[in-house]
Amino acid sequence: MGFLVGCAGTFKYYDPNLPHHGKTGFLNNYDNSPKPSVMKWYWQRWTTDFPEEDPAGAPMVPVNLETLKNPRGLSLTWLGHSSVLIQMDGMNILTDPAFSERASPVSFAGPKRYGNLPLAVNELPAIDVVVVSHGHYDHLDLTSLRTIFDLNGGRTRFLVPLGNKALLESKGIRNVQEMDWWESLQVGILKVTFTPAQHWSARSLFDRNETLWGGWMIAGPSRQVLYTGDTGYSKDFQDIYQRLGAVDVALIPIGAYSPRWFMKRLHVDTDEAVQIHRDLHAKVSLPVHWGTFKLSDELMTEPPEKLRESLQKAKLPPSVFPVMKRGETFQFEDAVVNRGFKNESVQN
């Protein structure tokens with residue numbers, strides 16, 4: 001069974017000095033309560049009539065390829081779901097590239113992509129670093145990873161959570177580094193740190209929590225970006241701020257939150273996403289993980305509406321958490337100048 005080894009079935013990564021390295025698998029820092037019944041949720045979905053989804057998914061604009069070729073300052077382009085091209089300090093970083101038609105181990109079933117890709121994969125600039133948050137199929141897409149490896153002649157660095165390196169190497173992907181929470185790696189001019197999150201992992205029925213999950217802090221000489229990965233709300237984000245400092249831009253999920261009785265420990269809702277924004281003392285946050293794959297019960301176009309309501313309740317302006325279209329590029333320096341931005345994320 002994957003990483004379970006030894007006569008007593010002790011987890012390969014078990015370490016009594018690391019609380020998240022449990023005896024049977026990885027653990028969260030703050031909440032390891034039992035996962036609610038997935039069969040109950042499936043039955044609820046089977047017996048409930050839901051509104052029809054818009055087949056286009058999240059709104060989309062064509063990627064401005066000239067902007068990608070000549071980025072100014074810190075630029076972030078949302079490619080759909082949790083895939084973001086981060087361009088900073090002369091380097092190109094991709095988060096969780098998932099360009100396949102389905103987030104699934106098979107091509108004929110599983111969550112299907114809504115809408116088109118905003119650009120062809122071969123239109124991406126040369127990718128220096130790929131960061132993968134965890135092993136779920138909507139985040140670790142082996143076909144996309146292998147395509148990026150091939151297009152870049154094997155020069156891309158692939159950073160993955162503990163337990164995932166062998167999976168990538170089994171598909172011929174090299175330059176893979178697996179990391180534990182709080183470990184850092186210098187990649188060119190950037191310092192990349194793997195950070196904790198409240199989630200879980202599995203790619204089959206038999207490997208639950210045998211690989212780690214988390215987020216990525218990407219720090220350059222002048223700017224710092226955090227991609228949280230998939231997460232429920234926890235004190236982890238206060239810890240990240242205390243250890244690594246405030247971020248300029250946070251990439252925070254806002255979708256796949258319903259029903260709350262099932263999703264709460266796994267995925268934040270928009271109120272909790274705004275609280276993460278505040279916990280991180282982020283100058284600006286960008287929403288991801290919505291409008292691309294149908295993973296939960298809310299309409300896929302609902303999260304941005306709920307986010308606007310959450311910002312109003314928190315007395316924060318929309319400019320600190322702007323909703324992007326797929327294919328749109330957010331240029332941080334332009335936002336600071338043109339929107340007269342000031343850090344309002346820590347106000348009460």
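**Exercise 1. What volume does the largest pocket have, and which residues lie closest to its centre?**

This is a predicted model, in which local features need pLDDT of at least 70 and side-chain atom pairs count only at pLDDT 80 or more, while totals for chains, interfaces and linings use all residues. Residues are numbered from 1 along each chain as its sequence is written, and side-chain values use heavy atoms, with hydrogens and water left out.

Step 1. Fix the term: on a 1 Å grid over the protein atoms alone, a pocket is an open set of points with protein on both sides within 12 Å along at least five of seven lines, and lining residues have an atom within 4 Å of a point.

Step 2. The volume of the largest pocket is about 940 Å³. A volume is the space filled by probe spheres set on the points, which are joined across faces, edges and corners.

Step 3. The lining holds 31 residues, and K35, Y42, H136, W200 and A202 are the closest to the centre.

Step 4. Helix 1 (38-46) and helix 6 (260-263) are the elements that give two or more residues to this lining. Helix 1 supplies the largest share, 4 residues. Helices here are DSSP runs of H or I with at least four residues, strands are runs of E with at least two, and both are numbered from the N terminus.

Step 5. By class, the lining has 16 nonpolar, 8 polar and 7 charged residues. Ala, Val, Leu, Ile, Met, Phe, Trp, Tyr, Cys and Pro count as nonpolar, Asp, Glu, Lys and Arg as charged, and the others, Gly among them, as polar.

**Exercise 2. Describe the surroundings of N28.**

Step 1. N28 sits in the loop between strand 2 (10-11) and helix 1.

Step 2. Because its relative accessibility is 5%, N28 counts as buried. Buried means under 20% relative accessible area, exposed over 50%, and partly exposed in between, with a 1.4 Å probe and protein chains only.

Step 3. The N28 side chain makes a polar contact with the side chain of W213 at 3.0 Å, and it reaches the backbone oxygen of D31 at 3.3 Å. A polar contact is a pair of N or O atoms within 3.5 Å; within protein, one must be able to donate a hydrogen and the other to accept it, and residues adjacent in sequence count only if both atoms are side-chain atoms.

Step 4. Not counting residues up to four places away in sequence, N28 touches W181, A197, Q198, H199, W213 and R265. Contact means heavy atoms within 4.5 Å.

**Exercise 3. Which residues of the largest nonpolar core touch the most other members?**

Step 1. A nonpolar core is a set of buried Ala, Val, Leu, Ile, Met, Phe, Trp, Tyr and Cys residues joined through side-chain atoms within 4.5 Å.

Step 2. Among the 60 residues of the largest core, the answer is L76, I86, V249, L251, L280 and F321. Strand 13 (residues 249-253) gives the largest share of this core, 4 residues.

Step 3. A second, separate core has 22 residues, including F99, L119, L145 and L168.

Step 4. L119 is in the loop between strand 5 (91-95) and strand 6 (129-131), and counts as buried because its relative accessibility is 7%. L119 and F99 are 20 residues apart in sequence and 9.8 Å apart in space, C-alpha to C-alpha.

**Exercise 4. How many residues of helix 7 are buried?**

Step 1. In helix 7 (residues 270-279), 8 of the 10 residues are buried.

Step 2. These buried residues pack against helix 5 (236-244), strand 13, helix 6, strand 14 (284-288) and helix 8 (303-313).

Notes: 1 Å grid on protein atoms, 1.4 Å probe; cavity = no way out; pocket = protein on both sides within 12 Å on 5 of 7 lines; lining within 4 Å.
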